[in-house]
Every structure is written in structure tokens, then in C-alpha cells.
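Here's a quick briefing for anyone meeting this structure for the first time. Have a look at the sequence and the model, then read on.

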Amino acid sequence: MLSYGASVTITNPGQVPVPQWTLAVTLPRESLRVSQVEGARAVQDGAVWTFVPDGSAGQVPGGASVRVTFRVNGAPVGAAPTACTIDGTTCTGMPD
């Protein structure tokens with residue numbers, strides 16, 4: 001089994017700071033594990049991993065971004081995330 005690194009950039013294009021956010025990433029198997037999370041705390045529910053701000057990245061200032069990075073462990077080749085949402089909105093740039 002392999003592992004790979006992933007990152008998601010949460011961007012606030014508006015002028016008003018966003019005080020909180022929730023990132024949900026669905027992996028193709030429940031058995032895959034996430035580790036080495038930076039910029040958030042992660043909780044697993046089946047194949048869905050939910051990331052919420054840690055102390056360093058809670059607020060996204062207007063016109064700015066925060067980045068969440070993590071490793072997916074136990075991944076067979078081609079085990080990219082099957083879905084990604086930020087506050088319920090589909091992430092852009094997902095692989096086909």
C-alpha cells in the first residue's frame with residue numbers, strides 16, 4: 001500500500017473575514033487513514049474525513065487563504081478522493 005500527500009486551499013474572495021469553515025473529503029475506502037494534518041483537526045466518519053480549523057487557521061481573512069495539508073495512508077494506486085466540499089460547496093480542481 002502507498003501513501004500520498006494532499007492539500008486543499010480555502011480561499012475567501014470577499015472582503016469580510018470568514019470566522020469558521022468545514023472541509024469534508026471523501027476517500028474511496030473507509031480503511032484509508034489520514035495523518036500528518038496541518039492547518040486543521042481531522043475526524044473520520046466512514047469514508048468521509050471532516051477537517052475543522054485548528055487554533056492557527058480558524059479565520060480566513062477577506063481576500064486571503066488558508067491551506068490544509070495531510071497524508072492519505074494505505075492507498076492503492078488511483079485512490080484519489082471521490083468528493084470534496086468546503087462549507088457544503090463542491091471544491092474546485094478535483095481530479096476527474
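β1 hands over six residues to the lining of the largest pocket, and that's the largest share. Keep in mind that this is a predicted model. From the pocket, we'll move on to the nonpolar core and then to the two sheets.

**The pocket**
- The largest pocket has a volume of about 460 Å³.
- Its lining takes in 24 residues, and Val-8, Thr-9, Cys-84, Ile-86 and Cys-91 are the ones that lie nearest the centre.
- Which elements give two or more residues to this lining? They are β1, β7 and β8.

**The nonpolar core**
- The largest nonpolar core has 21 residues.
- Within that core, the members touching the most others are Ile-10, Trp-21, Leu-23, Phe-51 and Val-68.
- At least two core residues come from each of β1 (2-11), β2 (23-26), β5 (48-53), β6 (65-75) and β7 (83-86).
- β6 chips in with five residues, the most given to this core.
- In general, nonpolar side chains of soluble globular proteins tend to be buried together.

**A closer look at Leu-23**
- What does Leu-23 touch, once you skip its neighbours within four places in sequence? Its contacts are Val-8, Trp-49, Thr-50, Phe-51, Val-68, Cys-84, Thr-85, Ile-86 and Cys-91.
- Among those contacts of Leu-23 are Val-8, Cys-84, Ile-86 and Cys-91, which also turn up in the list of residues nearest the pocket's centre.

**The five-stranded sheet**
- Five strands line up in the order β4-β5-β2-β7-β8 to make an open sheet, with antiparallel pairing.
- On the edges sit β4 (40-45) and β8 (89-90), each pairing on one side only.
- At one end of that order, β7 and β8 pair over two bridges in the antiparallel sense.
- Want a spot to find by eye? Ile-86 has Thr-89 in β8 as its bridge partner.

**The three-stranded sheet**
- Here the order is β1-β6-β3, again an open sheet with antiparallel pairing.
- β1 and β3 (33-38) are the edge strands, so to speak the outer rails, each with pairing on one side only.
- On average, neighbouring strands of this sheet are turned by 25 degrees against each other, direction ignored.
- β3 and β6 pair over four bridges, in the antiparallel sense.
- Arg-33 is one residue to look up here: Asn-73 in β6 stands opposite.
- As a general point, strands of a sheet pair through backbone hydrogen bonds, either parallel or antiparallel.

Terms used: Residues numbered from 1 in each chain as written. Predicted model: local features only at pLDDT ≥ 70, side-chain atom pairs only at ≥ 80, totals over all residues. Heavy atoms only, no water. Core = buried A, V, L, I, M, F, W, Y, C linked by side-chain atoms within 4.5 Å. Buried < 20%, exposed > 50% of the residue type's maximum accessible area, 1.4 Å probe, protein only. Contact = heavy atoms within 4.5 Å. Pairing = 2+ DSSP bridges. Axes fitted to C-alpha atoms, helices over the stretch in contact; angles between N-to-C directions. 1 Å grid on protein atoms, 1.4 Å probe; cavity = no way out; pocket = protein on both sides within 12 Å on 5 of 7 lines; lining within 4 Å. Points joined across faces, edges and corners; volume = space filled by probe spheres on them.
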